[in-house]
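Dear colleague,

I am passing on the structure that we spoke about, and my notes on it come after the model itself. Please read them with the coordinates open beside you.

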Number of protein chains: 2
Amino acid sequence: MTDTKITLTESEMPTTWYNLIADLAEPPPPPLHPGTHEPIGPDDLAPLFPMALIGQEVSTERYIDIPGEVLDVYRLWRPSPLYRARRLEAALETPARIYYKYEGVSPAGSHKPNTAVPQAYYNAAEGVRKLTTETGAGQWGSALAFAAGQFGLDCEVWQVRASWDQKPYRRVMMEVWGAEVHPSPSDLTEAGRKILSEDPDSPGSLGIAISEAVEAALADESTKYSLGSVLNHVLMHQTIIGEEALLQLAKVGDTPDLLIGCTGGGSNFGGLSFPFLRERLAGKNDVIIRCVEPAACPSLTKGEYRYDFGDTIGMTPLIKMHTLGHDFVPDPIHAGGLRYHGMSSLVSHLYEMGLLEAEAIDQTECFDAAITFARSEGIIPAPEPTHALASTIREAARCRETGEEKVILTAMCGHGHFDLASYETYLAGELVDYDHPDAKIAEAMERVPVVG
Amino acid sequence: MTDTKITLTESEMPTTWYNLIADLAEPPPPPLHPGTHEPIGPDDLAPLFPMALIGQEVSTERYIDIPGEVLDVYRLWRPSPLYRARRLEAALETPARIYYKYEGVSPAGSHKPNTAVPQAYYNAAEGVRKLTTETGAGQWGSALAFAAGQFGLDCEVWQVRASWDQKPYRRVMMEVWGAEVHPSPSDLTEAGRKILSEDPDSPGSLGIAISEAVEAALADESTKYSLGSVLNHVLMHQTIIGEEALLQLAKVGDTPDLLIGCTGGGSNFGGLSFPFLRERLAGKNDVIIRCVEPAACPSLTKGEYRYDFGDTIGMTPLIKMHTLGHDFVPDPIHAGGLRYHGMSSLVSHLYEMGLLEAEAIDQTECFDAAITFARSEGIIPAPEPTHALASTIREAARCRETGEEKVILTAMCGHGHFDLASYETYLAGELVDYDHPDAKIAEAMERVPVVG
């Protein structure tokens, strides 16, 4: 049983990110100013982001060099391993060949540092001294805390109050790396004080935390804001995942027939899939690419493709995307990273072009898959990638029936070391699936602005 | 900045364990029967351990082949990376070259699966159906739970009640991998019931949990017991760490001047150091090998070398070792894995022979070192290896003064994802160091049996 892990040396690590937009007949529709409904320009974004990232956001270059200082930090955990899931295949008695690309080896335990590191680097290079951001359960906040420290930047994180209270360890992780963390709503911003004056016991929300982090960035010239998903440059930074996986599969002479990733904002999914999509557009493979989303938050399978706000309270530009309505509140599934009302503009655009397929799965089936995976492969996955796993296991079962030796590549974007409370609920038989949210979506869609 | 991680391919993974005893002029003194004070034989151990492991315990063969089935499971995370700590070196402004061998990449997050996997394998091969063990905070219990599952064995773990209550996530981890976990004392054993009848609210202890696990193993013919440190065969299984590190350092053409590991029972330390000690005994290097222990539990630096019980309540054979007295209770430092009153017989023997040096460090200095490490290298270490880190940082500071380009190899035996409560205490400025325990040691030593 050889080639359990397919590894690359540091000298084999890719040195460019891939910008899929260069290979599309038309780019995704531009974001619009929420007041004028005109396309926004670099000047609108300059108060929040450094010019290098704004340039990447609108770039049509096919490849962008990864700066040496970023590669140096990537080497702390990259290249990440590609696993042939031989023990899972045996447990499933499937003829399918299953591979998974594992991003849990990063210091923060997920794919998020792949973009946090370059974001911190470009900000530091332009003289920025502090980054602000929001975080829910803490995956993104901890990635940015780690990255900011590597480049001598201060980092201030607004963590949703409910998570701050229930899951203190992600906060401690951020503090170990030197970040300052506040529960949101806080009394440090106008936005926070307004909420607290109305409800001193507010549990907060990602929308409120974004407002606080943005306000703090705008209030200080040497401070900027950082976002962990959705934007084009964030998805592009993640493509190092797929570039590595291409090299790794080439080493064992395999080509995927099916690539599966979970989708929340789309950055892990885009990171793995875009380089394989490039190869498909060039006629080099026939891979089917599948997004898997929670049944409780089905933006691709049940949302509409139209302009909507990226945040809950309507502060951001309008973005053309698959949306459930910007104030749609998903049921409290454990995959917190997939509880987003929209989908990145780029992934939405690809789905509209017919380049991707999508399915939605309930969380109980996802945790069933997680246990099967942990008991065969050892790794305990975060709740988010269990969606990709559940779809993989469905497919492997089909292959058991048909005898097809399908090659499946799955995105395993992080470990579940900070998610064991959700496993405890599952093992106690107390995990619930929610009613599918069709009526709630229809209601939220009524409040989406009409554009054009 | 190349060669941050020095990796090996799976085909370069060592296929034998190294048995240091083959290279010693005399072996460690044998364990004695607690009643007769005569050396114990295989028959005394057979009710608890399979014959293959008993054979390894007394073997004088220099190398023992790692079974293919064990190698197959090792491949889920081995070979583990050796890091050149370039960012730590820069932070310390030291000319020293610091390497660390990182075992946190295993599914359980520490070096413990290196022995849990072969122990499960040999038991399964001899028809055993269930393994029992004890665990404190859960590092060993989770490693055995994972390993047992890989070979279709049931696993029953008695977890010290205080840990069960305070740190539920290691328990959930064991359950995810299929183990049954009980708080100890439990009402499932005579030993547990006796303690509970005297104190229904007993917080338990490792000694009590051992008694329960051993009783359960003895009560069923198809059940055996498993131990995670101290024994010769356990240390031998861990030597794959050092064998890999030798190959990795050879790739970059470096030889350590100083090797540093933390010591609790000695298995992580022995695993990294014994292959390097073999090379030294053969005249191939001049490495100084240093044990680092907590000032609150200084078995090598303050204990006596004599026969004592391995457990607290005096059920085990008598073992010749450095001991603080079998009922010495260390202060509640956060490095739970180093709170052991004794030291493995083999490491004690080597120390007596003058082959090792030792120092003891207070936990505040260890956590200082941990923060420096986390902010430079990214990895958040478990509290145990921070002892080796603190000693490494002391040495790097000396090199800064002298300009010496000393090559230091440090054992980084696990991550701290389940230890963030201790970091929280440290960051809050509430971490304490304890009075050094000389008087308490002298008192406990009065109860050590006199042998021979």
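What follows goes from the chain as a whole to one pair of strands.

Please keep in mind throughout that this is a predicted model. Chain A contains 19 helices and 15 strands, and its radius of gyration is 21 Å, close to the 22 Å that the globule rule gives for 452 residues, so the chain is as compact as a globular protein of that length. Measured out along the principal axes, the C-alpha trace of chain A spans about 60 × 50 × 50 Å.

As to the interior, 62% of the 452 residues of chain A count as buried, and of the contacts between residues at least 6 apart in sequence, 77% join residues at least 24 apart. The accessible surface of chain A amounts to about 15,600 Å², with 50% of it belonging to carbon and sulfur atoms. Chain A carries 35 positive and 64 negative charges, and the mean positions of these two groups lie 5 Å apart.

You may also wish to look at strand E8 of chain A, which covers residues 180-184. Because 4 of its 5 residues are buried, strand E8 is largely enclosed by the rest of the structure. Strand E7 of chain A, residues 154-160, pairs with E8(A) in the parallel sense, over 5 bridges; within this part of the chain, A:Val160 has A:Ser184 in E8(A) as its bridge partner. When you inspect the side chains there, it may help to recall that in a regular strand they alternate between the two faces of the sheet.

With best wishes

Definitions and conventions:
Residues are numbered from 1 along each chain as its sequence is written. Chains are lettered from A and ligands numbered from 1 in the order in which they are written. This is a predicted model: local features need pLDDT of at least 70, side-chain atom pairs count only at pLDDT 80 or more; totals for chains, interfaces and linings use all residues. Side-chain values use heavy atoms; hydrogens and water are left out. Helices (H or I, at least four residues) and strands (E, at least two) are DSSP runs, numbered from the N terminus. The radius of gyration is taken over C-alpha atoms; the globule rule is 2.2 Å times the number of residues to the power 0.38. Buried means under 20% relative accessible area, exposed over 50%, partly exposed in between (1.4 Å probe, protein chains only). Contact means heavy atoms within 4.5 Å. Accessible areas come from the Shrake-Rupley method with a 1.4 Å probe; for residues, only the protein chains shown count as cover. Lys and Arg count as positive and Asp and Glu as negative; His and the chain ends are not counted. The place of a charge is taken as NZ of Lys, CZ of Arg, CG of Asp or CD of Glu. Two strands pair if DSSP finds at least two bridges between them.
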